[in-house]
Amino acid sequence: DGGRGDDRRDCLYHALMTSPMVRAVRGAITCLNDTPEEVNEATQELLTAMMDRNELVHDDVISIIFTTSIDLTSAFPATCARGIGFGDIPLLCASEINVPGAMAKCIRVLLHAYTTRARADVRHVYLRSAQSLRDDLPG
């Protein structure tokens, strides 16, 4: 085949590596107090940082799952996300498992999006006291 098979494989590999794929981006942030204003501010700060650090635009986002520690009950992070334009994206809130010693007043996010980034190049975002949850990641 005169090397054409290798060329086709290289072309297919290139197409796969440059086509958007579904990736998950993790994030977490803490609040000082359980108030609707603070949950709103923290949620929006975290989502904005996750989008910016991964060079995502609105249409890249597939869905977002939020969890909160059991001591955050004043607002739904999904409602807060709608305040910055995520209202047409499927959003789900849940309560984090109440493990003894778990981080207090913490909002966690799992965001699914299309991106051309390799899994190793996805930048997970941990802000405020939540940085200690993943001190293995660059800030």
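## Exercises on a predicted model

T67 touches A94, S95, E96, C106, I107 and R108, leaving out residues up to four places away in sequence. Keep that residue in mind; we'll start there. Note that this is a predicted model.

### Exercise 1: Getting to know T67

Work out which strand T67 belongs to, and whether T67 is buried or exposed.

*Solution.*
- Step 1: Find T67 among the strands. T67 sits in β2.
- Step 2: Check the accessibility. T67 has a relative accessible area of 16%. Buried means under 20%, so T67 is buried.
- Step 3: Look at the side chain. A polar contact of 2.4 Å links the side chains of T67 and E96, and E96 is also one of the residues T67 touches.

### Exercise 2: Putting the sheet together

Find the order of the five strands in the open sheet, and say which strands stand at the edges.

*Solution.*
- Step 1: Read across the sheet. The order is β3-β2-β4-β1-β5, and the pairing is mixed.
- Step 2: Look for strands with a single partner. Those are β3 (91-95) and β5 (125-126), so each has one side left without a neighbour in the sheet.
- Step 3: Take the pair β1 and β4. Strand β1 (residues 21-30) runs antiparallel to β4 (residues 106-115), and ten bridges join them. Two examples: V25 has L111 as its bridge partner in β4, and A24 has H112.
- Step 4: Now go to the pair β2 and β4. They are antiparallel too, with seven bridges. Here F66 has V109 as its bridge partner in β4.
- Step 5: Ask how enclosed β4 is. Seven of its ten residues are buried, so β4 is largely enclosed by the rest of the structure.

### Exercise 3: The helix on the sheet

Which strands does helix α2 touch, and how does the span of α2 compare with what its 18 residues should give?

*Solution.*
- Step 1: Locate the helix. α2 covers residues 36-53 and packs on the sheet, touching β1, β2 (61-68), β4 and β5. Its direction makes about 30° with that of β4.
- Step 2: Check the span. At 1.5 Å a residue, the 18 residues should span 26 Å, and the end C-alpha atoms are 26 Å apart, so the two agree.
- Step 3: Pick out the buried residues. Among them are V39, A42, L46, L47 and M50. The buried residues of α2 pack against β1, β2, α3 (77-82), β4 and β5.
- Step 4: See what comes next. E55 follows α2, and its phi is positive, near 50°.

### Exercise 4: A residue of β1

Which residues is I29 in contact with, leaving aside neighbours within four places in sequence?

*Solution.*
- Step 1: Place I29. It lies in β1 and counts as buried, at 0% relative accessibility.
- Step 2: List the contacts. They are A42, E45, L46, K105, C106, I107, L127, R128 and A130. Of these, A42 and L46 are among the buried residues of α2.

### Exercise 5: Cysteines

How many disulfides are there?

*Solution.*
- Step 1: Set the cut-off. A disulfide needs two cysteine sulfur atoms within 2.5 Å. The count comes to zero.
- Step 2: Try C31. The nearest cysteine sulfur, in C106, is 8.5 Å away, and C31 is in no disulfide. C31 counts as buried, at 6% relative accessibility.
- Step 3: Try C93. The closest cysteine sulfur, in C80, is 8.1 Å from that of C93, which is too far for a bond. At 26% relative accessibility, C93 is partly exposed.

Definitions and conventions:
Residues numbered from 1 in each chain as written. Predicted model: local features only at pLDDT ≥ 70, side-chain atom pairs only at ≥ 80, totals over all residues. Heavy atoms only, no water. Pairing = 2+ DSSP bridges. Helix = DSSP H or I, 4+ residues; strand = E, 2+ residues; numbered from the N terminus. Contact = heavy atoms within 4.5 Å. Axes fitted to C-alpha atoms, helices over the stretch in contact; angles between N-to-C directions. Buried < 20%, exposed > 50% of the residue type's maximum accessible area, 1.4 Å probe, protein only. Polar contact = N/O pair within 3.5 Å; in protein donor to acceptor, adjacent residues only side chain to side chain. Expected span 1.5 Å × (residues − 1).
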